Amino acid sequence: MSTDAVRGPAAITEPARATPVRGEFDVVVVGGGPAGIMAASAAARRGLSVILLERYGFLGGAGTAGGLSTFCGLHARVHGEDRRVIHGLAGELLDRLAKLDGLSEPHLTINDKILAQAFDISAYKIAADELVTGSGARLLFHALAVGLAMAGDRVIDAVLVESKSGRAAIRGRVFVDATGDGDVSAWAGVPFEKAAGLLYPSLMFRINGVDAAATGDKPWRTVERLMDEAERAGTHTFPRKKPIVRPQRNPLEWRANLTQLSNPDGSAVDGTDVGQLTHGELQGRQQALDAFTFIRDHTPGFGGSYIVDLAPQIGIRETRRIIGEYRLTEDDVLGCADFPDTIGVNGWPVEAHVAGTVEFRFARGENPRGFCQLPLRMTLPGTIDNLYVTGRCASMTHGAQSAARVTGPCFAMGEAAGTAAGLALADAVPCGAVDVTALQEILERNGCYLGREA
Ligand SMILES: Cc1cc2nc3c(=O)[nH]c(=O)nc-3n(C[C@H](O)[C@H](O)[C@H](O)COP(=O)(O)OP(=O)(O)OC[C@H]3O[C@@H](n4cnc5c(N)ncnc54)[C@H](O)[C@@H]3O)c2cc1C
C-alpha cells in the first residue's frame with residue numbers, strides 16, 4: 001500500500017483482543033456482486049444456513065455500486081444465432097427485474113456482434129434482495145470483511161468483519177470468496193496474480209433529460225462519431241476511445257461508459273490500493289464532467305440534459321485473480337474450449353480495457369460455437385479445503401478474465417459454487433472433492449446451461 005509521510009515509528013502494535021463470534025453458518029459468502037448473490041441463493045436452496053456479507057447497504061456489486069446498468073454475457077452468438085446461455089437462478093433474477101419493470105429487451109452491441117441487456121439499477125437492488133432473502137439466506141450489510149481466523153493451514157474457521165457494531169467473527173463450514181478482489185483468498189494465502197497491466201477502471205454515470213425525439217437514427221453511434229471528429233480536429237482529447245453512451249429503457253435517460261482511470265505514470269488504477277482508489281474517484285468525476293459537457297454541448301437532443309447519477313464508486317474490472325486448480329486461458333475463450341467438469345459457459349468476447357481504448361477479440365473461426373465451458377476447477381484454490389472462489393477473481397489468466405469477468409459467467413460460477421458447497425457438506429468432503437457428476441446433474445435440473453449438447 002502506498003503511504004503518506006510518517007513521523008515516528010512505522011508501525012503500531014495493537015493489543016490482542018477477544019473478538020465476539022456473531023454467528024455460525026454452514027456457508028459464509030463474502031461479497032454481494034453477481035457471483036455472491038447466486039452463491040448465497042443456491043446454497044440456501046440446498047437447505048443450508050447461509051450468510052452473505054457485503055460492505056455496502058445493497059447487493060449487485062459492480063452492477064449497482066459501479067453503476068453498470070447492463071448485463072453482458074447472458075447471451076452468446078452460437079453458430080450465428082444469438083442465444084441466451086445463462087439460466088438457472090439468473091433466469092429468476094431476470095424475471096423479478098421484469099416484474100419490477102426494470103429490464104430492457106436485449107440489444108445488439110459491439111458492432112452488432114453480440115447481445116447485452118440493460119437493467120434499472122434500483123430495480124436490480126430490490127430483485128437481488130428478494131432472490132437472496134427469498135432463498136432463505138441471511139444478509140449482513142455494511143459489514144467489511146477484514147481478515148480470517150484459520151483452523152489449520154488448509155481450513156478457514158471464521159471471517160472477521162468490521163462494522164458500525166464493531167469487530168466480529170462469523171464462523172462457517174464452507175466459505176465463498178465473491179469479493180471480486182480475492183480478499184478472502186489472499187488472507188488465506190491462496191496464490192494469486194495481479195497483472196502488471198491491469199484492465200483500466202472506469203467511473204460510470206447516467207445522463208437524464210435527453211430529448212429522445214431529437215437524437216436521430218441509431219443515436220448511440222452519434223457520441224462516438226462526434227468524439228472521434230473532435231479528436232481528429234484537435235479540439236478535444238478524451239481518455240478513452242470506444243465510448244458506450246446508450247439510452248436506458250426510458251430514452252429520457254442514458255448511461256455513459258467512457259472514462260478511463262490511470263495513475264500519474266499512466267498505469268491503471270489498482271482497486272486494492274486505497275490511495276489509488278482515492279485518486280481514481282477524483283479523476284473519474286472530473287473525466288465524467290468533461291465528457292458530459294462535451295456531449296451536452298455537441299449532441300442533438302442533449303442540450304437540456306444533466307448528470308443524474310455518478311456511480312457510488314469507480315468500477316474495478318480486474319485486481320487479484322487466484323491461481324487455482326485450473327486457469328481458464330484466453331485460448332480457451334477464443335477456441336470455445338470444453339471441460340469435463342463444466343459448470344456453465346462464457347459467451348462474452350475478450351474485452352481488454354488497455355491504455356486509451358478497448359480491444360475486442362471474438363471466438364476464432366468461421367461461424368464458431370461462440371462460448372467456452374467454465375470448469376469447476378477455476379473456482380478451486382487447491383490450497384484451502386473449505387473455500388470456493390467465484391466471479392472476477394476466480395482462476396483465470398489476464399486474457400480470459402477480460403472476457404469471463406462479466407455478469408453472465410459470474411452468475412454461473414456463483415450458482416455452481418453455492419450448489420457445490422451443499423454437496424461438499426452433505427458428503428463431508430473438501431470443496432475440491434465434490435462429486436462433479438452429481439453437481440452437474442443438480443445444476444442442469446435447476447435449469448443451468450452447462451454447454452454440453454450444443
Ligand atoms: C466500469 C465497468 C463496467 C463494466 N461493464 C459491464 C457491463 O456493462 N456488463 C457486465 O455484465 N459486466 C460489466 N463489467 C464487469 C463486472 O465487473 C462484472 O460483471 C461483475 O460485477 C463481477 O462480479 P463479481 O461478483 O465477481 O464482483 P463484483 O461485482 O466486484 O462484486 C464484489 C462485491 O463484493 C463486495 N466486497 C468486496 N470486498 C469486500 C469485503 N472485503 N467485505 C465485504 N464485501 C466486499 C463489493 O462491495 C461487491 O458488492 C464492468 C465492470 C466495470 C468495472
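Two strands count as paired if DSSP finds at least two bridges between them. That rule is needed for the first sheet below. The model described here is predicted.

## A three-stranded sheet

Strands β3, β7 and β6 form an open sheet in the order β3-β7-β6, and the pairing is antiparallel. β3 and β6 (107–109) lie at the edges, where each has a single partner strand, so one side of each has no neighbour in the sheet. β6 is joined to β7 (residues 114–118) by three bridges, and the two run antiparallel. Within this pair, Thr-109 has Ile-114 of β7 as its bridge partner.

The loop between β6 and β7 holds Asp-112. Asp-112 is not a glycine, yet its phi is positive, at about 60°. Is Asp-112 buried or exposed? It counts as exposed, because it has 8 C-beta neighbours inside 10 Å.

## Two domains

The protein is divided into domain 1 (21–197 + 318–445) and domain 2 (205–310). Taken over C-alpha atoms, their centres are 28 Å apart. Contacts between them involve 13 residues of domain 1 and 14 residues of domain 2. On the domain 1 side, the touching residues are three nonpolar, seven polar and three charged.

## Around the ligand

The ligand is surrounded by 41 residues. Gly-31, Gly-33, Gly-61, Gly-315 and Gly-391 are the closest. Four elements give two or more residues to this shell: α1 (34–45), β3 (70–71), β9 (144–150) and α9 (407–427). The most comes from α1, with three residues. Sorted by class, the shell has 18 nonpolar, 16 polar and seven charged residues.

## The nonpolar cores

In soluble globular proteins, nonpolar side chains tend to be buried together. The largest nonpolar core here has 106 residues. Val-50, Val-159 and Ala-421 touch the most other members. α9 is the element that gives the most to this core, with 10 residues.

What does Val-50 touch beyond its neighbours within four places in sequence? Its contacts are Phe-25, Asp-26, Val-27, Val-29, Ala-40, Ala-43, Ala-44, Ala-137 and Arg-138. A second core, separate from the largest one, has 29 residues. Ala-62, Ala-65, Leu-199 and Val-210 are among them.

## Strands β13 to β16

Several strand pairs link β13, β14, β15 and β16. The table lists them.

| Pair | Sense | Bridges | Residues facing each other |
|---|---|---|---|
| β13 and β15 | antiparallel | three bridges | Phe-205 and Ala-256 |
| β13 and β16 (residues 306–310) | antiparallel | four bridges | Ile-207 and Ile-307 |
| β14 (residues 244–247) and β15 | antiparallel | four bridges | Val-245 and Ala-256 |

β13 and β15 also meet at Arg-206, whose bridge partner in β15 is Arg-255. A hairpin of six residues joins β14 to β15.

In a regular strand the side chains alternate between the two faces of the sheet. The faces of β13 (residues 205–208) can be read in that light. Phe-205 and Ile-207 make up its covered face, while Arg-206 and Asn-208 make up the uncovered one. In β15, both faces are covered. Trp-254 and Ala-256 are buried on one side, and Arg-255 and Asn-257 are buried on the other.

## Two loop residues after β13 and β15

Leu-258 sits in the loop between β15 (254–257) and α6 (274–298). Leu-258 has 26 C-beta neighbours inside 10 Å, so it counts as buried; the cut-off is 20 or more. Leaving out residues up to four places away in sequence, Leu-258 touches Arg-240, Pro-243, Ile-244, Val-245 and Ala-291. Ser-202 is 56 residues from Leu-258 along the chain, and their C-alpha atoms are separated by 7.1 Å.

Lys-218 belongs to the loop between β13 and α5 (222–233). How many other C-beta atoms lie within 10 Å of Lys-218? There are 7, and Lys-218 is therefore exposed. Its phi is near 40°, a positive value in a residue other than glycine.

Notes. Residues are numbered from 1 along each chain as its sequence is written. This is a predicted model: local features need pLDDT of at least 70, side-chain atom pairs count only at pLDDT 80 or more; totals for chains, interfaces and linings use all residues. A residue is near a molecule or strand if its C-beta atom, placed from the backbone, lies within 6 Å of it. Ala, Val, Leu, Ile, Met, Phe, Trp, Tyr, Cys and Pro count as nonpolar, Asp, Glu, Lys and Arg as charged, and the others, Gly among them, as polar. Domain bounds come from an automatic or database domain assignment. Two residues are in contact if their C-beta atoms, placed from the backbone, lie within 7 Å. A nonpolar core is a set of buried Ala, Val, Leu, Ile, Met, Phe, Trp, Tyr and Cys residues joined through C-beta atoms within 7 Å. A residue is buried if 20 or more other C-beta atoms lie within 10 Å of its own, exposed if 12 or fewer, and partly exposed in between; C-beta atoms are placed from the backbone.
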